[in-house]
2 protein chains.
Amino acid sequence: MTSSIKVLLAEDQSMVREALAALLGLEDDIEVVAQVARGDEVLAAVGAHGVDVALLDIEMPGCTGIEAAARVHREHPGVKLVVLTTFGRPGYLRSAMEAGADAFLVKDAPAAQLAEAIRKVLAGERVIDPTLAAAALAEGANPLTEREREVLRAAADGSTNAELARTLHLSQGTVRNYLSTAIQKLAVRNRAEAVRTAREKGWL
Amino acid sequence: MTSSIKVLLAEDQSMVREALAALLGLEDDIEVVAQVARGDEVLAAVGAHGVDVALLDIEMPGCTGIEAAARVHREHPGVKLVVLTTFGRPGYLRSAMEAGADAFLVKDAPAAQLAEAIRKVLAGERVIDPTLAAAALAEGANPLTEREREVLRAAADGSTNAELARTLHLSQGTVRNYLSTAIQKLAVRNRAEAVRTAREKGWL
DNA sequence: CGATCCGTATGACATCTGTCATCCGGCGGT
DNA sequence: ACCGCCGGATGACAGATGTCATACGGATCG
């Protein structure tokens, strides 16, 4: 090849990040030119290193890999984006695609798919698990409104209605109403289940 | 050296597992002789490959890395055990040590510590993050009884009292009593918070 | 043997949660 | 101009949840 593919690695757990770097280091057409541990460091690193492909974990401090992807997509439209995640949540796939991702991989896929995906996106292909794609389409869009999501997110840690009302500057009754409609939309029977299924679908 | 260290790698996410294998492959005194993706496959693999060190993730299907560690410790006392986890929960450290682990590493420690830990445990040393060790000691033992833990675990997904009573073969009142005492022991104000803090401490 | 803890259970009570009907103002379509 | 949806709110009601006192049998420890 004329020159190797320059890759940025964004992943907060250093052991995993460096292990992935070691893995990619075995491929002689791929070079890891930068590593970051936070979502909010991705954009600067992409700018600084003339990266061809950014490999982004979703769960990161600073900002999520999906947000980071959106920013890179806006500022550096030529950079290819591979989103890598522990959780194969259909909602994540959807948001990743909306953020401009070129590939979506789950961490329990075989390691060989990683280098392969990097080469494919550089060739202009998109890489998505077909099963996950089907699930994302079958499930439909997030039915929750922004406010309902916020309340649900705030309720996730077990806060009581009174606390939620205080922190969100709402009346206690309104909090109950939002939670009630969220519970109905998600077809579950209480807030705990609502939080659970919203999380599972990647809607939270 | 005379011969390389034989390592078993147990981790459910193949991408991470194979990446760690690549990382360890860079060390010329270490050889990954077996890889498994489930906790309940660890014991057999250890027996089959004459493993020197078993590297165990905690969160795995089949059984947890801690349970796997306990079994290996019982059946093959000579095998050194390194427990690796995403979550630096003091309760995990405690249980890992009780299960006979020789090292406890969190995945956001630098990758270099992994090979280092493997060599150290083989030399008879123990490897523990001092900060985490202090936290584990400071926090004290798990105050929950076995039954309280079970009920809390079952309640974690948002099941109602009636459902819990059915699945655990208890009266509804008894379920409430257990949850109530758990809530008081954890000094929180409802079951959701109880689940949350018990999880955080690694007590669940 | 008594003290203490655990598992299990009941009943009564207070509070929290979830539902429903209803209302208001604002904003985006048609 | 009107309809429908969203954010926000109230009040009433039923059911779920959390607390407390109390009880009994078994285990364990002194």
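## Cavity

A search of the whole structure finds one cavity of 30 Å³ or more. On a 1 Å grid over the protein atoms alone, a cavity is a set of points where a 1.4 Å probe fits but cannot get out, and lining residues have an atom within 4 Å of a point. Grid points are joined across faces, edges and corners, and a volume is the space filled by probe spheres set on the points. This is a predicted model, in which local features need pLDDT of at least 70, side-chain atom pairs count only at pLDDT 80 or more, and totals for chains, interfaces and linings use all residues. Side-chain values use heavy atoms, with hydrogens and water left out, residues are numbered from 1 along each chain as its sequence is written, and chains are lettered from A and ligands numbered from 1 in the order in which they are written.

The largest cavity has a volume of about 30 Å³. Its lining consists of B:Leu9, B:Ala10, B:Glu11, B:Leu20, B:Leu55, B:Leu56, B:Asp57 and B:Leu84. By class, six of these residues are nonpolar, none is polar and two are charged. Here Ala, Val, Leu, Ile, Met, Phe, Trp, Tyr, Cys and Pro count as nonpolar, Asp, Glu, Lys and Arg as charged, and the others, Gly among them, as polar. Strands S1 (5-10) and S3 (53-57) of chain B each give at least two lining residues. The largest share, three residues, comes from S3(B). Strands (E, at least two residues) and helices (H or I, at least four) are DSSP runs, numbered from the N terminus.

## Domains and symmetry

Chain A is assigned domain 1 (5-138) and domain 2 (146-201). These bounds come from an automatic or database domain assignment. The centres of the two domains of chain A, taken over C-alpha atoms, are 31 Å apart.

Chain A superposes on chain B by a rotation of 180° with 0.1 Å of shift along its axis (RMSD 0.3 Å). That is the relation of a two-fold axis. The fit is by least squares on the C-alpha atoms of residues with pLDDT of at least 70 in both copies. Of the residues of chain A, A:Ala19 comes closest to the rotation axis, at 2.4 Å (C-alpha).

## DNA strand C

DNA strand C is surrounded by 18 residues, of which A:Arg191, B:Thr145, B:Arg147, B:Ser171 and B:Tyr178 are the closest. Of the atoms of strand C that come within 4 Å of the protein, 62% belong to sugar and phosphate. A residue is near a strand if one of its heavy atoms lies within 4 Å of it. The surface near strand C has three nonpolar, eleven polar and four charged residues. Helix H9 (172-185) of chain A and helix H9 (172-185) of chain B each supply at least two of them.

Polar contacts are pairs of N or O atoms within 3.5 Å. The side chain of A:Ser180 has an N or O atom 2.8 Å from a phosphate oxygen of strand C. For B:Thr174, a polar side-chain atom lies 3.3 Å from a phosphate oxygen. The side chain of B:Asn177 instead meets a base oxygen, at 2.9 Å.

## DNA strand D

Around DNA strand D there are 17 residues, and A:Arg147, A:Ser171, A:Tyr178, B:Ser180 and B:Arg191 come nearest. Sugar and phosphate make up 61% of the strand D atoms within 4 Å of the protein. Two nonpolar, eleven polar and four charged residues form the surface near this strand.

A side-chain N or O atom of A:Asn177 is 2.9 Å from a base oxygen of strand D. Chain B reaches phosphate oxygens of this strand through a polar side-chain atom of B:Thr160, at 3.3 Å, and a backbone N or O atom of B:Asn161, at 3.0 Å. H9 of chain A and H9 of chain B each give two or more residues to this surface. H9(A) supplies the largest share, five residues.

Notes
Polar contact = N/O pair within 3.5 Å; in protein donor to acceptor, adjacent residues only side chain to side chain. 1 Å grid on protein atoms, 1.4 Å probe; cavity = no way out; pocket = protein on both sides within 12 Å on 5 of 7 lines; lining within 4 Å.
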